[in-house]
Amino acid sequence: MRIAVVTGASSGIGKEFVKQIANRYRTLDEIWVLARRTERLLELAEEIKSVKIRCFSCDLTDKRRFVKYKNALKKYNPSIRILVNAAGYGIIGTFRELKEEDNVGMVELNCTALTRMIDISLPYMSKKQANIINMASSAAFLPQPSFAVYAASKSYVLSLSQALNQELKKRRITVTAVCPGPVDTEFFDIAEVYNSVKVYKKLFRANACDVVSLALKDAYHKKAVSVYGFSMKGFRLLTKLLPHGFMVKFIK
Ligand SMILES: NC(=O)c1ccc[n+]([C@@H]2O[C@H](COP(=O)([O-])OP(=O)(O)OC[C@H]3O[C@@H](n4cnc5c(N)ncnc54)[C@H](OP(=O)(O)O)[C@@H]3O)[C@@H](O)[C@H]2O)c1
């Protein structure tokens, strides 16, 4: 059985990945989707007609909730063609403004759960050619005061992805870190719970459809990093050229 696995599939970028993978990868037997909101996953399963969607409702920050996914892997012994780690969130505010569960929660989902998903899924990745696509962010390029834990968690994702991409080459597995700027999704409902996002960030929100389309193209072409849009490509270049200690003073 050939499958794709997508976390964070109940909304935004993860959901868009499921739709585009279902359209592009016609040889898949199933797409396995993971998130907490069961009804959203079931709605998605109804909507997608071209391939069977298997739903796993689970809180990925709870280690025990991985059991169903692990058992399904053991039972069906599938060949995973694509693993997309899209589950994640960020909350705007200084470290002190955020609660302990906010700061630690971001690390648990954005870093620990993503690492666990890769660890559990890796033995089942296709032997011929496979892709791991990890949602990082342009926030990964530079430390960000008032978004500190989120930016640090995404730096982890970027660094891990680039290193694994090298390590897994022999196994014909490509690991791609996707690093968009702001994308128009429900992300900001959670991000803005204490503080509003800056106006300029609201003006430059990309479309999830375009970000995902480029990410799948870049992953197919074995790129280690996928950056959507000229402004974010320019921002990445600046973070490579200028000292971070200097740039961080201007990041708000
Ligand atoms: N939107 C942006 O501006 C932007 C920019 C750069 C990077 N990203 C990254 O892109 C990824 C997707 O974000 P998005 O924009 O699509 O946001 P979103 O619409 O809020 O989607 C987040 C997804 O994560 C899932 N999730 C959250 N907590 C979870 C938990 N404890 N266990 C399992 N699933 C959980 C949510 O599902 P449930 O609530 O149903 O569990 C949802 O499906 C994230 O990693 C985010 O950091 C977003």
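**Entry 1: L122**

I began with L122, which is found in the loop between α4 (100-121) and β5 (130-135); helices (H or I, at least four residues) and strands (E, at least two) are DSSP runs, numbered from the N terminus. I note here that this is a predicted model, in which local features need pLDDT of at least 70 and side-chain atom pairs count only at pLDDT 80 or more, while totals for chains, interfaces and linings use all residues. Residues are numbered from 1 along each chain as its sequence is written, and side-chain values use heavy atoms, with hydrogens and water left out.

Is L122 buried or exposed? L122 has a relative accessible area of 17%, so I entered it as buried, where buried means under 20% relative accessible area, exposed over 50%, and partly exposed in between (1.4 Å probe, protein chains only). Leaving aside its neighbours within four places in sequence, I find L122 in contact with I132, L168, R171 and I173, contact being heavy atoms within 4.5 Å. From C-alpha to C-alpha, L122 and S79 are 10.0 Å apart in space, with their positions 43 residues apart in sequence.

**Entry 2: L34 and the aromatic rings**

I turned next to L34 in strand β2, which counts as buried because its relative accessibility is 0%. Apart from neighbours within four places in sequence, the contacts of L34 include V5, V6, T7, F56, Y69 and M117. I also looked up L44, 10 residues from L34 along the chain, and found their C-alpha atoms separated by 11 Å.

How many aromatic pairs does the model have? The count comes to nine, taking rings of Phe, Tyr and Trp (its six-membered ring) as paired if their centres lie within 6.5 Å, with planes under 30 degrees apart counted as stacked, over 60 as edge-to-face and the rest as tilted. For W32 and Y69 the ring centres are 6.2 Å apart and the planes stand at 85 degrees, so I listed this pair as edge-to-face. The pair links distant parts of the chain, since W32 is in strand β2 (residues 30-35) and Y69 is in helix α3 (residues 67-76), 37 residues apart. W32 counts as buried at 0% relative accessibility, and Y69 counts as buried at 1%. I also recorded that W32, F56, Y69 and Y76 form one aromatic cluster.

**Entry 3: N85 and T176**

I placed N85 in strand β4, where its relative accessible area of 2% makes it buried. The side chains of N85 and N134 are joined by a polar contact of 2.9 Å, a polar contact being a pair of N or O atoms within 3.5 Å; within protein, one must be able to donate a hydrogen and the other to accept it, and residues adjacent in sequence count only if both atoms are side-chain atoms. Not counting residues up to four places away in sequence, N85 touches T7, L114, M117, I118, I132, I133, N134 and M135.

T176, in strand β6 (residues 173-178), also came out as buried, at 0% relative accessibility. With residues up to four places away in sequence left out, T176 touches I132, I133, N134, A219, K223, A224, V225 and S226.

**Entry 4: positive phi**

Most residues other than glycine have a negative phi. I therefore noted N77, which is not a glycine and yet has a positive phi of about 45 degrees. N77 lies in the loop between α3 and β4 (79-85) and is exposed, with a relative accessible area of 55%. R172, also not a glycine, has a positive phi of about 60 degrees; R172 lies in the loop between α5 and β6 and counts as exposed at 54% relative accessibility.

**Entry 5: the ligand**

Which residues are closest to the ligand? I find 30 residues around the ligand, with S11, R36, Y150, V183 and T185 the closest, a residue being near if one of its heavy atoms lies within 4 Å. The shell has 16 nonpolar, nine polar and five charged residues; Ala, Val, Leu, Ile, Met, Phe, Trp, Tyr, Cys and Pro count as nonpolar, Asp, Glu, Lys and Arg as charged, and the others, Gly among them, as polar.

I then looked up distances to oxygen atoms of the ligand. A polar side-chain atom of S10 lies 2.7 Å from a ligand oxygen atom, a backbone N or O atom of A86 lies 3.2 Å from one, and a polar side-chain atom of K154 lies 2.9 Å from one. Of the 880 Å² of accessible area that the ligand has on its own, the protein covers 96%, accessible areas coming from the Shrake-Rupley method with a 1.4 Å probe; for residues, only the protein chains shown count as cover. The elements that give two or more residues to the shell are α1 (12-24), α5 (148-167) and α6 (187-191).
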